[in-house]
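Trainee: Before I interpret a new model, I would like to practise reading its features one at a time. Could you take me through this one?

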Amino acid sequence: PSDVFSMGATLCFAATGRGPFAAGTSAAVLYRVLEAEPDLRGMPAGAADVARRCLVKDPARRPTAPQVAMWLRGAATPPP
């Protein structure tokens, strides 16, 4: 689950040039990771859907790596 979370953050950075929880001190970013919704503005809709699912706070609710790979290949679409 932590690798999937990292994938979501990497997708956001690759698409927008910034992380999904903004910049700042380590404490500020950690707080936003734990308490705030990711900022996915500027991402293409499909990529934002995948990133949003990867960045779910509860690790048990995140997709598996194979699910993410299928979504990124276009073989399936993420659930809402």
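Mentor: What follows is a walk from the overall fold to the salt bridges and then to single residues. This is a predicted model, in which local features need pLDDT of at least 70 and side-chain atom pairs count only at pLDDT 80 or more, while totals for chains, interfaces and linings use all residues. Residues are numbered from 1 along each chain as its sequence is written, and side-chain values use heavy atoms, with hydrogens and water left out.

Trainee: How many helices and strands does the protein have?

Mentor: Helices (H or I, at least four residues) and strands (E, at least two) are DSSP runs, numbered from the N terminus. Here the protein has four helices and zero strands, and along the sequence the pattern reads α-α-α-α. The radius of gyration of the protein is 12 Å, close to the 12 Å that the globule rule gives for 80 residues, so the protein is as compact as a globular protein of that length; the radius is taken over C-alpha atoms, and the rule is 2.2 Å times the number of residues to the power 0.38. Taken along the principal axes, the C-alpha atoms fill a box of roughly 40 × 25 × 20 Å.

Trainee: What share of the residues is buried?

Mentor: Buried means under 20% relative accessible area, exposed over 50%, and partly exposed in between, with a 1.4 Å probe and protein chains only. In this protein, buried residues make up 26% of the 80 residues. The protein exposes about 5,000 Å², of which carbon and sulfur atoms supply 62%; the areas come from the Shrake-Rupley method with a 1.4 Å probe, and for residues only the protein chains shown count as cover. As for contacts (heavy atoms within 4.5 Å), 46% of those between residues at least 6 apart in sequence join residues at least 24 apart.

Trainee: How many salt bridges are there, and which side chains meet in them?

Mentor: A salt bridge is a side-chain nitrogen of Lys or Arg within 4 Å of a carboxyl oxygen of Asp or Glu, and by this rule the count comes to three. D39 forms one with R18, the closest N and O atoms being 3.8 Å apart. This pair links distant parts of the chain, with D39 in the loop between α2 (26–35) and α3, R18 in the loop between α1 (2–16) and α2, and their positions 21 residues apart. D39 also meets R41 in a salt bridge, at 2.6 Å from N to O. At 21% relative accessibility D39 counts as partly exposed, as does R18 at 28%, whereas R41 is exposed, with a relative accessible area of 63%.

Trainee: Where do R52 and D49 lie?

Mentor: Both R52 and D49 lie in helix α3, three residues apart, about one turn of the helix, and their side chains meet in a salt bridge at 3.3 Å, N to O. R52, at 45% relative accessibility, counts as partly exposed, and D49 is partly exposed too, with a relative accessible area of 36%. Salt bridges that share partners join R18, D39 and R41 into one network.

Trainee: Is R62 buried or exposed, and what does its side chain reach?

Mentor: R62 sits in the loop between α3 (45–54) and α4 (65–73). R62 is buried yet has no salt bridge, the nearest side chain of opposite charge, D58, being 7.0 Å away; in this reckoning Lys and Arg count as positive and Asp and Glu as negative, with His and the chain ends not counted. The R62 side chain does reach the backbone oxygen of P1 at 3.0 Å and the backbone oxygen of V56 at 2.7 Å. Leaving aside residues up to four places away in sequence, R62 touches P1, S2, V4, F5, R53, C54, V56 and K57.

Trainee: Which residues does P63 touch?

Mentor: P63, also placed in the loop between α3 and α4, counts as buried at 6% relative accessibility. Not counting residues up to four places away in sequence, P63 touches V4, R53, C54, V68 and W71. The C-alpha atoms of P63 and P78, 15 residues apart along the chain, are separated by 9.0 Å.

Trainee: And where is A22 found?

Mentor: A22 is found in the loop between α1 and α2. With the same exclusion of residues up to four places away in sequence, A22 touches V29 and R32. The C-alpha atoms of A22 and D39, 17 residues apart along the chain, are separated by 7.7 Å.

Conventions: Polar contact = N/O pair within 3.5 Å; in protein donor to acceptor, adjacent residues only side chain to side chain.
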